[in-house]
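Work through the exercises below with the sequence and the model side by side. Try each task before you read its solution.

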Amino acid sequence: AAVTITEAPPMLSDGIIDGEVLPEEEGISLVPDSEWRGWITEMPHTMIAGGTGTGKTTLARIELHERLQQGFAGIVCDPKGKEWYGLPVIGSGRKFDEILAMLDSIHAEMAARFEAYGRGERQFDPIKVLVDEVPDIMDACLDMRRRMVDGRWSRFSRQLGSLAREIGISVTLMTQSPLVEDIGMNSAMRKNFTRIALGDEAPILIRMERDSKRRSQLQELLRGERYPAALLRHGTVHLLDTRNVLTLAQRQIARPLGWLASPQPIKSVVSAAAKAESAVSTSVAVPGAIVYPPKVTSANGKIAFLLRSGYSYRQIERELSVSHATIALISKALQMRDAKIATNGTSGHF
């Protein structure tokens with residue numbers, strides 16, 4: 001028999017099915033600094049892009065602070081000579097030759113570490129290199145016809161691959177464009193960088209968002225931001241909450257460890273404040289304070305003595321101003337000699 005509908009079912013309100021309220025469609029919001037501060041140190045390197053007054057220095061100080069807190073030693077190449085937690089600053093007064101010479105030193109340090117890595121070394125003291133005003137540094141390598149005639153920037157930038165994490169070197173580049181091509185790198189280098197875009201550069205990064213719906217949401221969220229900051233993370237673009245960045249950038253580091261320029265692979269130094277404190281500390285070697293046995297006079301002999309005495313690579317670097325790679329070679333020689341003694345009972349000379 002035909003079914004007669006005598007009463008229409010009640011209309012369900014929007015968002016309700018079978019009496020249950022559906023969850024609202026997930027939107028996007030600003031990422032709080034408690035979260036994105038961890039993101040900025042995930043990748044081997046960082047690129048911070050933005051025009052004058054957009055907050056590049058502020059964000060760079062926050063990222064540098066995070067690295068220093070993780071135990072990195074730091075050095076800064078900055079033509080303007082700003083203060084960076086008391087770290088060594090190279091190139092103040094727009095002395096680009098000094099900066100390019102430092103990039104050569106870092107290039108040599110990287111090469112030495114790559115070689116040591118190839119021999120099986122896996123323990124490297126971490127270094128943080130911050131390079132400000134990248135476009136101006138690149139200009140110093142060009143001739144009047146805008147041709148690259150000085151290859152030092154290119155040599156340095158080609159080394160910024162993913163293996164840099166394995167050898168303990170992290171670089172932050174401060175520039176005006178979030179596109180790696182604009183600073184002389186190929187697009188394959190992008191995966192090695194956490195990229196942050198500020199001010200008018202933020203929309204450029206947002207356009208790299210592959211999800212069209214999310215891209216539209218980001219563009220809408222961006223409209224209300226006074227100091228916009230976009231970050232590209234694992235292929236997804238996020239907008240950062242920047243309300244606390246000025247406070248975060250004013251934090252200090254009690255004992256920042258710096259790195260000093262050298263024609264050879266760079267050697268570690270302690271800031272003036274750290275030197276004063278280390279004079280009363282037993283955990284940090286004070287240059288010149290160690291008493292060596294009378295027969296230990298050569299640099300190699302002193303390295304061997306300190307290794308035998310339990311000093312770390314970093315403490316030996318500070319004491320003798322030698323490179324990590326040199327200490328690694330001496331350490332390997334000691335191991336080979338110990339193995340020989342264990343085999344045939346002879347010692348010989350080191």
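The exercises that follow concern a predicted model.

**Exercise 1. The chain as a whole**

Task: Find how many helices and strands the chain has, and what share of its residues is buried.

Solution:
- Step 1. Count the secondary structure elements. The chain has 12 helices and 12 strands.
- Step 2. Turn to burial. Of the 350 residues in the chain, 46% are buried.
- Step 3. Look at the contacts with a separation of 6 or more. Residues 24 or more positions apart make 66% of them.
- Step 4. Add the surface. The accessible surface is about 18400 Å², and carbon and sulfur atoms hold 52% of that area.

**Exercise 2. A lysine in a strand**

Task: Decide whether Lys128 is buried or exposed, and find its polar partner.

Solution:
- Step 1. Locate the residue. Lys128 belongs to strand E6, residues 127–131.
- Step 2. Apply the cut-off. Buried means under 20% relative accessible area. Lys128 has 0% relative accessibility, so it counts as buried.
- Step 3. Find the partner. The side chains of Lys128 and Thr172 make a polar contact at 2.7 Å.
- Step 4. List the surroundings. Beyond four places in sequence, Lys128 touches ten residues' worth of neighbours you can look up, among them Glu63, Arg67, Phe72 and Thr172.- Step 5. Follow two of these neighbours. The charged end of Arg67 sits over the ring of Phe72, 5.3 Å from the ring centre.

**Exercise 3. After the strand**

Task: Say what sign the phi of Glu133 has, and where this residue lies.

Solution:
- Step 1. Place the residue. Glu133 is in the loop between E6 and helix H4, residues 134–139.
- Step 2. Read the angle. The phi of Glu133 is positive, about 55°, although the residue is not a glycine.
- Step 3. Recall the background. Most residues other than glycine have a negative phi.
- Step 4. Check burial. Glu133 counts as buried because its relative accessibility is 14%.

**Exercise 4. An aromatic pair**

Task: Find how many aromatic pairs the whole structure holds, and classify what you find.

Solution:
- Step 1. Search the structure. One aromatic pair turns up.
- Step 2. Test the geometry. The ring centres of Trp153 and Phe156 are 5.6 Å apart and the planes meet at 50°, so the pair is tilted.
- Step 3. Place the two residues. Trp153 and Phe156 both sit in helix H5, residues 152–158, three residues apart, about one turn of the helix.
- Step 4. Link this to helix geometry. An α-helix has 3.6 residues a turn, so residues three or four places apart point the same way.
- Step 5. Check burial. Trp153 and Phe156 are both buried.

**Exercise 5. A hairpin and its turn**

Task: Work out which way strands E9 and E10 run, and how many bridges join them.

Solution:
- Step 1. Read the pairing. Strand E9 (residues 229–233) and strand E10 (residues 236–239) run antiparallel, joined by four bridges.
- Step 2. Find facing residues. Arg233 stands opposite Thr236 in E10.
- Step 3. Look at the turn. E9 and E10 form a hairpin with two residues between them. His234, in this turn, has a positive phi of about 50°.
- Step 4. Check exposure. The cut-off for exposed is over 50%. His234 has a relative accessible area of 58%, so it is exposed.

**Exercise 6. A glutamate beside the hairpin**

Task: Find which backbone nitrogens the side chain of Glu209 reaches.

Solution:
- Step 1. Locate Glu209. Its place is the loop between helix H6 (202–206) and helix H7 (212–222).
- Step 2. Check burial. Glu209 counts as buried, because its relative accessibility is 5%.
- Step 3. Take one nitrogen. The side chain of Glu209 reaches the backbone nitrogen of Asp211 at 3.1 Å.
- Step 4. Take another. The backbone nitrogen of Val237 lies 2.8 Å from a polar atom of the Glu209 side chain.
- Step 5. Widen the view. Beyond four places in sequence, the contacts of Glu209 include Arg214, Gly235 and Thr236.

**Exercise 7. Two helices, H10 and H11**

Task: Find which residues of H10 and of H11 are buried.

Solution:
- Step 1. Start with H10. Gly301, Ile303, Ala304, Leu306 and Leu307 are its buried residues.
- Step 2. Test another residue of H10, residues 299–308: Phe305. At 24% relative accessibility, Phe305 counts as partly exposed.
- Step 3. Look past the end of H10. Gly310 follows, with a positive phi near 95°.
- Step 4. Move to H11. Tyr313, Arg314, Gln315, Ile316, Glu317, Arg318 and Glu319 are buried.
- Step 5. Draw the conclusion. Seven of the eight residues of H11 (residues 313–320) are buried, so the helix is largely enclosed by the rest of the structure.
- Step 6. Look just after H11. Ser321 takes a positive phi of about 55°.

Definitions and conventions. Residues numbered from 1 in each chain as written. Predicted model: local features only at pLDDT ≥ 70, side-chain atom pairs only at ≥ 80, totals over all residues. Heavy atoms only, no water. Buried < 20%, exposed > 50% of the residue type's maximum accessible area, 1.4 Å probe, protein only. Polar contact = N/O pair within 3.5 Å; in protein donor to acceptor, adjacent residues only side chain to side chain. Contact = heavy atoms within 4.5 Å. Areas by Shrake-Rupley, 256 points an atom, 1.4 Å probe, with all protein chains shown as cover. Pairing = 2+ DSSP bridges. Phe/Tyr/Trp six-rings, centres within 6.5 Å; stacked < 30°, edge-to-face > 60°. Lys NZ or Arg CZ within 6 Å of the ring centre and 35° of its normal.
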